[in-house]
Amino acid sequence: DNGTISITKYKGPGGKVIVPAFIDEKVVTDIAGNAFFSNKTITELVFPEGTTKINDCQFVGIKNINRLVIPEGITEIGEYAFACCKNI
């Protein structure tokens, strides 16, 4: 809606993951709940400027992540967003 888009599922190889600022010319503003749930391959996650929300249970069980870069524009972080993420 309104030229924005939400990421709903990550299916990449892991390692350092840079969330794109745009997908199909729409601004990424939201990462849907469970998009990265229990991923064991992500070690670093970088969000673009323009991201405004991190949903409930967003990163539950991402055990190997050790670095997270969140832009200043985040206005909402949901419950249990980082549950079981021991390295960040």
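**Entry 1: terms and overall fold**

I start with a term: a strand here is a DSSP run of at least two residues, and strands are numbered from the N terminus. I also note that I am looking at a predicted model.

With that term in hand, I looked up Asp 24 and found it in the loop between strand S3 (22-23) and S4. I will come back to Asp 24 below.

Next I asked how many helices and strands the protein chain has. I found zero helices and eight strands, and reading along the sequence gives β-β-β-β-β-β-β-β. The radius of gyration is 12 Å, close to the 12 Å that the globule rule gives for 88 residues, so the chain is as compact as a globular protein of that length. I also noted the box that the C-alpha atoms fill, roughly 35 × 25 × 20 Å along the principal axes.

**Entry 2: surface, burial and charge**

I checked how much of the chain is covered: 38% of the 88 residues count as buried. The accessible surface comes to about 5,300 Å², and carbon and sulfur atoms make up 50% of that surface.

For contacts with a separation of 6 or more, I found that 37% join residues 24 or more positions apart. I then looked at charge: there are 9 positive and 10 negative charges, and their mean positions lie 12 Å apart.

**Entry 3: the nonpolar core**

Which residues touch the most other members of the largest nonpolar core? My list reads Val 19, Ile 31, Phe 36, Ile 42, Leu 45, Phe 59 and Ile 62, out of 18 residues in that core. The elements giving two or more residues to this core are S4 and S5.

I followed Ile 42 further. Leaving aside neighbours within four places in sequence, Ile 42 is in contact with Tyr 10, Gly 14, Gly 15, Val 17, Phe 36, Ile 62, Asn 64 and Ile 65. I recognise Phe 36 and Ile 62 in that list from the core entry above.

**Entry 4: the loop between S4 and S5**

I looked up two residues in this loop, Ala 35 and Asn 39. The strands on its two sides are S4 (26-31) and S5 (42-46).

Is Ala 35 buried or exposed? Ala 35 has 1% relative accessibility, so it counts as buried. Lys 9 is 26 residues away from Ala 35 along the chain, yet their C-alpha atoms are separated by 4.2 Å. Beyond its neighbours within four places, Ala 35 is in contact with Ile 7, Thr 8, Lys 9, Tyr 10 and Gln 58.

Asn 39 is at 14% relative accessibility, and the cut-off for buried is under 20%, so Asn 39 counts as buried too. Not counting residues up to four places away, Asn 39 touches Tyr 10, Gly 61, Ile 62 and Lys 63. Tyr 10 is thus a contact I have now written down for Ala 35, for Asn 39 and for Ile 42.

**Entry 5: strands S1 and S4**

I moved to Ser 6, which lies in strand S1 (residues 4-7). Ser 6 has a relative accessible area of 29%, so I marked it as partly exposed. Its contacts, without residues up to four places away, are Asp 30, Ile 31 and Ala 32. I also looked at Ser 6 and Ile 65: they are 59 residues apart in sequence and 21 Å apart in space, C-alpha to C-alpha.

Thr 29 lies in strand S4 and is buried, with a relative accessible area of 19%. Setting aside residues up to four places away, I found Thr 29 touching Thr 4, Ile 5, Gly 50, Thr 51, Thr 52 and Lys 53.

**Entry 6: two positive phi angles**

Back to Asp 24, as promised. Asp 24 has a positive phi of about 50°, although it is not a glycine. At 69% relative accessibility, Asp 24 counts as exposed.

Cys 57 is not a glycine either, and has a positive phi of about 55°. Where does Cys 57 sit? I found it in the loop between strand S6 (53-54) and strand S7 (67-69). Cys 57 is at 29% relative accessibility and counts as partly exposed.

**Entry 7: toward the end of the chain**

My last stop was Lys 86, in the segment after strand S8 (76-77). At 75% relative accessibility, I marked Lys 86 as exposed. Lys 86 and Asn 34 are 52 residues apart in sequence, with 17 Å between their C-alpha atoms.

Technical notes:
Residues are numbered from 1 along each chain as its sequence is written. This is a predicted model: local features need pLDDT of at least 70, side-chain atom pairs count only at pLDDT 80 or more; totals for chains, interfaces and linings use all residues. Side-chain values use heavy atoms; hydrogens and water are left out. Helices (H or I, at least four residues) and strands (E, at least two) are DSSP runs, numbered from the N terminus. The radius of gyration is taken over C-alpha atoms; the globule rule is 2.2 Å times the number of residues to the power 0.38. Buried means under 20% relative accessible area, exposed over 50%, partly exposed in between (1.4 Å probe, protein chains only). Contact means heavy atoms within 4.5 Å. Accessible areas come from the Shrake-Rupley method with a 1.4 Å probe; for residues, only the protein chains shown count as cover. Lys and Arg count as positive and Asp and Glu as negative; His and the chain ends are not counted. The place of a charge is taken as NZ of Lys, CZ of Arg, CG of Asp or CD of Glu. A nonpolar core is a set of buried Ala, Val, Leu, Ile, Met, Phe, Trp, Tyr and Cys residues joined through side-chain atoms within 4.5 Å.
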